[in-house]
Amino acid sequence: MIHVLLCDDHLIVREGLKQVLAEDANVRVVAEASSAEELLAQVLPLRERGQLDVVLLDIALPGQDGLGALQALRASWPDLPVLILSTYPERQYAVRCIQLGAAGYLHKSTDPDTMLAAVRKVATGERHLSDATAQALAEAFERTKSGRGARPSGAAGVDQLSHREHQVYRLLIQGHSVSEIGAELGLASNTVSTYRARILEKTGARNDVELALLSRRDVPAA
């Protein structure tokens with residue numbers, strides 16, 4: 001039996017995921033969480049009872065986001081497989097998630113059979129890499145290789161952002177203001193402005209509009 005903990009802030013998404021996972025009699029959802037805080041509070045007692053094998057974790061959570069939760073999970077339970085769920089294209093976030101220790105990255109449009117196969121695979125200790133994720137990893141490697149000795153910019157600059165810078169970057173390209181980002185992340189506005197300046201410097205973008213255009217160029221055409 002594979003015991004799964006679901007973490008997504010939308011109830012309707014969790015209900016849909018439970019229906020998908022219920023198609024395999026050997027997969028059981030043992031707990032749910034709607035935030036990183038709820039997730040982290042449930043992991044230890046489940047692990048102590050031997051009732052947790054895989055975490056399905058949404059990347060976009062209120063408060064501490066999925067990337068922060070992933071780092072916390074990896075720090076305390078490095079052998080616990082975490083599958084990241086996201087509506088963001090693989091080219092935007094899969095590489096960072098894998099670098100932070102995720103066992104795989106699943107787009108929420110993934111078909112049920114693929115999702116179940118991914119859960120079964122990571123439960124054995126292996127990684128699940130979709131074709132899109134593998135391609136994103138290869139492209140990131142090529143950018144790193146070609147950028148040696150030169151200052152990273154553009155997509156390569158995004159790859160070089162710290163975790164906090166990436167949090168701010170994600171909110172900036174969604175159109176949030178500095179004050180809104182500060183409220184979301186619990187940071188002072190001048191601190192957010194400092195992160196924004198670092199992001200612009202690393203990516204070579206001159207303003208938030210160019211940051212948004214950069215993120216769109218990193219998405220493959222449909």
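Helices (H or I, at least four residues) and strands (E, at least two) are DSSP runs, numbered from the N terminus. By this definition the protein has 11 helices and 5 strands. The model is predicted: local features need pLDDT of at least 70, side-chain atom pairs count only at pLDDT 80 or more, and totals for chains, interfaces and linings use all residues. Residues are numbered from 1 along each chain as its sequence is written, and side-chain values use heavy atoms, with hydrogens and water left out.

Of the 222 residues, 44% count as buried. Buried means under 20% relative accessible area, exposed over 50%, and partly exposed in between (1.4 Å probe, protein chains only). Contact means heavy atoms within 4.5 Å. Among contacts between residues at least 6 apart in sequence, 66% join residues at least 24 apart.

Helix α8 spans residues 163-173. Of its 11 residues, 9 are buried, so α8 is largely enclosed by the rest of the structure. The buried residues are His163, Glu165, His166, Gln167, Val168, Tyr169, Arg170, Leu171 and Leu172. Gly175 follows α8 and has a positive phi, near 95°.

Helix α9 covers residues 178-185, and its axis comes within 10 Å of that of α8. The two axes cross at roughly 130°. Axes are lines fitted to C-alpha atoms, for helices over the stretch in contact, and angles run from 0 to 180 degrees between N-to-C directions. Angles under 35 degrees count as roughly parallel, over 145 as roughly antiparallel, 65 to 115 as roughly perpendicular and the rest as oblique. Helices α8 and α9 are therefore oblique to each other. Their crossing is right-handed. A crossing is right-handed if the near helix is turned clockwise from the far one by less than a right angle, and left-handed if anticlockwise. On the α8 side, Arg164, Gln167, Val168, Leu171 and Leu172 make the contact; on the α9 side, Ile181, Glu184 and Leu185 do so. These residues divide into 5 nonpolar, 1 polar and 2 charged. Here Ala, Val, Leu, Ile, Met, Phe, Trp, Tyr, Cys and Pro count as nonpolar, Asp, Glu, Lys and Arg as charged, and the others, Gly among them, as polar.

Arg170 lies in α8. Its relative accessible area is 8%, so Arg170 is buried. Beyond its neighbours within four places in sequence, Arg170 is in contact with Ala60, Asp65, Tyr88 and Tyr93. The side chains of Arg170 and Asp65 are joined by a polar contact of 3.2 Å. A polar contact is a pair of N or O atoms within 3.5 Å; within protein, one must be able to donate a hydrogen and the other to accept it, and residues adjacent in sequence count only if both atoms are side-chain atoms. Asp65 also appears at the start of α3, where one of its side-chain oxygens reaches to within 3.2 Å of the backbone nitrogen of Leu67. Helix α3 covers residues 66-76, with Gly66, Leu67, Gly68, Ala69, Leu70 and Leu73 buried.

A second helix pair joins α1 (residues 11-21) and α5 (residues 112-123), whose axes come within 9 Å and cross at roughly 75°. That makes α1 roughly perpendicular to α5. Leu17, Val20 and Leu21 of α1 meet Pro112, Met115, Leu116 and Val119 of α5. This contact has 7 nonpolar residues, no polar and no charged.

Ala94 belongs to helix α4 (residues 90-99). Ala94 is buried, at 0% relative accessibility. Not counting residues up to four places away in sequence, Ala94 touches Tyr105 and Thr133. Ala94 and Thr133 are 39 residues apart along the chain, with 6.0 Å between their C-alpha atoms.
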